[in-house]
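I opened this entry to keep a record of what I looked up. The notes follow in the order in which I took them.

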Amino acid sequence: MSTTKKIAGAALAAALGVTTLSACGGGDTKDKPAGASDAPKSKTVTLVSHDSFNVTEAVLKEFEQQSGYTVKVLKSGDAGAALNQEILTKGSPRGDVFFGVDNTLLSRALDNGIFTPYEAKGLGGVKPEYVLDKEHRVTPVDSGDICVNYDKAYFADKKIAPPQTLDDLVKPEYKNLLVVENAATSSPGLGFMLASVGKYGEEGWKDYWSKLKANGVEVVDGWEQAYNERFSGSAGGKKAKGDRPLVVSYASSPPVEVLYGEPQPAEAPTGVSTGTCFRQVEFAGLLKGAKNEEGGKALVDFLISKKFQEDMPLQMFVNPVTKDAALPELFTKHGVVVEKPENVAPETIAKNREQWVKAWTALVVK
């Protein structure tokens, strides 16, 4: 599975391996993060993450000044691979905090008992719909919506209204227009499959995919190939002469097209079909057996601080989960608000994920 969400550029630009960063600051300077007034044995706290974790250097330095910790970030591939490594090293973790497990993998992480319960300072400021673990083994950090994106120019030229719902995608006017990622190898691919489960239920989602296949859906291995090679609306897709004007990507992809446009366009060249979305939520947790537990607690507190939450959208192209964090203008001007994304309970995903993916593969790929 590819790393969750990290829209154009962020996931691709993230370097593999270990990066030492100045530790980071919470938004509220009145209260020091957990452990700031103590003299811990170690002044280094290690964050294990997927490759897309990123934060502004100045924000990290502020946390260092407030807490006295230095943060070492151990980037470990995509979200699934990173989680697998922590399960294999359960009890003797490679770091103190794990960031990047999302609601599609959450039950797997919790069932394997890799986290120590910790109720983060500031958790009351997190929107309650994101607090999925009442035992506080994990803390919600960000959210993002996997959605179909469309090439505005294509649909304007053809004088066809772009699709807005999952039902629309099986209509004849959208035949041979959609490219999706493989649900067995890609996080957005899995999320889009789960959107169909959420919409049509366990009895109806396979019938939907049969219709989608009959309507000419194209399946590729991952987001990079789908978005930057096959999709006609992205900058990369234009260069690659992509001919599919519909692609599974993210609700935050249009702002990214503006941010990295040369020159920057006044309007995003792509749009979002808001009735096709599945909401991902990413979490962080204190690893069981952490060498620097107090530092780990301080780091978890920081991840839901206003300072980090407001820095995060332009660093990882995801949305804050706290009530007081404001989105940057790029998001408010060029992004969309998904009012009613599809959701599937983490425990339902955990129980059925493997069999659903096998059934999807047999139906759509083979």
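Where does Lys 241 lie? I found Lys 241 in the loop between α8 (235-239) and β9 (246-250). Helices (H or I, at least four residues) and strands (E, at least two) are DSSP runs, numbered from the N terminus.

Before going on I noted the ground rules: this is a predicted model, in which local features need pLDDT of at least 70, side-chain atom pairs count only at pLDDT 80 or more, and totals for chains, interfaces and linings use all residues. Residues are numbered from 1 along each chain as its sequence is written, and side-chain values use heavy atoms, with hydrogens and water left out.

**Entry: two lysines in loops**

Lys 241 has a positive phi of about 60° although it is not a glycine. I looked up whether it is buried or exposed, and Lys 241 counts as exposed because its relative accessibility is 71%. My cut-offs are these: buried means under 20% relative accessible area, exposed over 50%, and partly exposed in between (1.4 Å probe, protein chains only).

Lys 159 is another non-glycine with a positive phi, here about 55°. I located Lys 159 in the loop between α5 (152-158) and β7 (178-181). With a relative accessibility of 74%, Lys 159 is exposed.

**Entry: the whole chain**

I counted 13 helices and 11 strands in the protein chain. The chain has 366 residues, and 57% of them count as buried. Contact means heavy atoms within 4.5 Å. Of the contacts in the chain with a separation of 6 or more, 79% are between residues 24 or more positions apart.

**Entry: two aspartates of β6**

I turned to strand β6 (residues 139-151), where Asp 151 is found. Asp 151 is buried, because its relative accessible area is 7%. Which side chain makes a polar contact with the side chain of Asp 151? I found Ser 232, at 2.7 Å. A polar contact is a pair of N or O atoms within 3.5 Å; within protein, one must be able to donate a hydrogen and the other to accept it, and residues adjacent in sequence count only if both atoms are side-chain atoms. A polar atom of the Asp 151 side chain also lies 3.1 Å from the backbone nitrogen of Ala 153.

Leaving out residues up to four places away in sequence, I list Phe 231, Ser 232, Gly 233, Pro 245 and Pro 269 as touching Asp 151. I also noted that the C-alpha atoms of Asp 151 and Leu 246 are 6.6 Å apart, with their positions 95 residues apart along the chain.

Asp 145 lies in β6 as well. At 6% relative accessibility, Asp 145 is buried. The side chains of Asp 145 and Arg 279 are joined by a polar contact of 2.7 Å. Beyond four places in sequence, the residues touching Asp 145 include Tyr 250, Cys 277, Phe 278 and Val 338.

**Entry: a serine in a loop**

Ser 76 is in the loop between β3 (70-75) and α3 (79-88). I have Ser 76 as buried, because its relative accessibility is 7%. The Ser 76 side chain reaches the backbone oxygen of Leu 74 at 3.4 Å, and a polar contact of 3.2 Å links it to the side chain of Arg 94. Arg 94 is also among the residues that Ser 76 touches beyond four places in sequence, along with Val 48, His 50 and Gln 85.

**Entry: helices α10 and α11**

How many residues of α10 (residues 293-303) are buried? I found 9 of its 11 residues buried, and the helix is mostly covered. Among them are Lys 297 and Asp 301. In α11 (residues 306-316), the buried residues include Phe 308, Asp 311 and Met 316. Just after α11, Phe 317 takes a positive phi of about 55°.

**Entry: a cis peptide bond**

The peptide bond from Glu 262 to Pro 263 is cis, with omega near -5°. I placed Pro 263 in the loop between α9 (253-259) and β10 (270-287).
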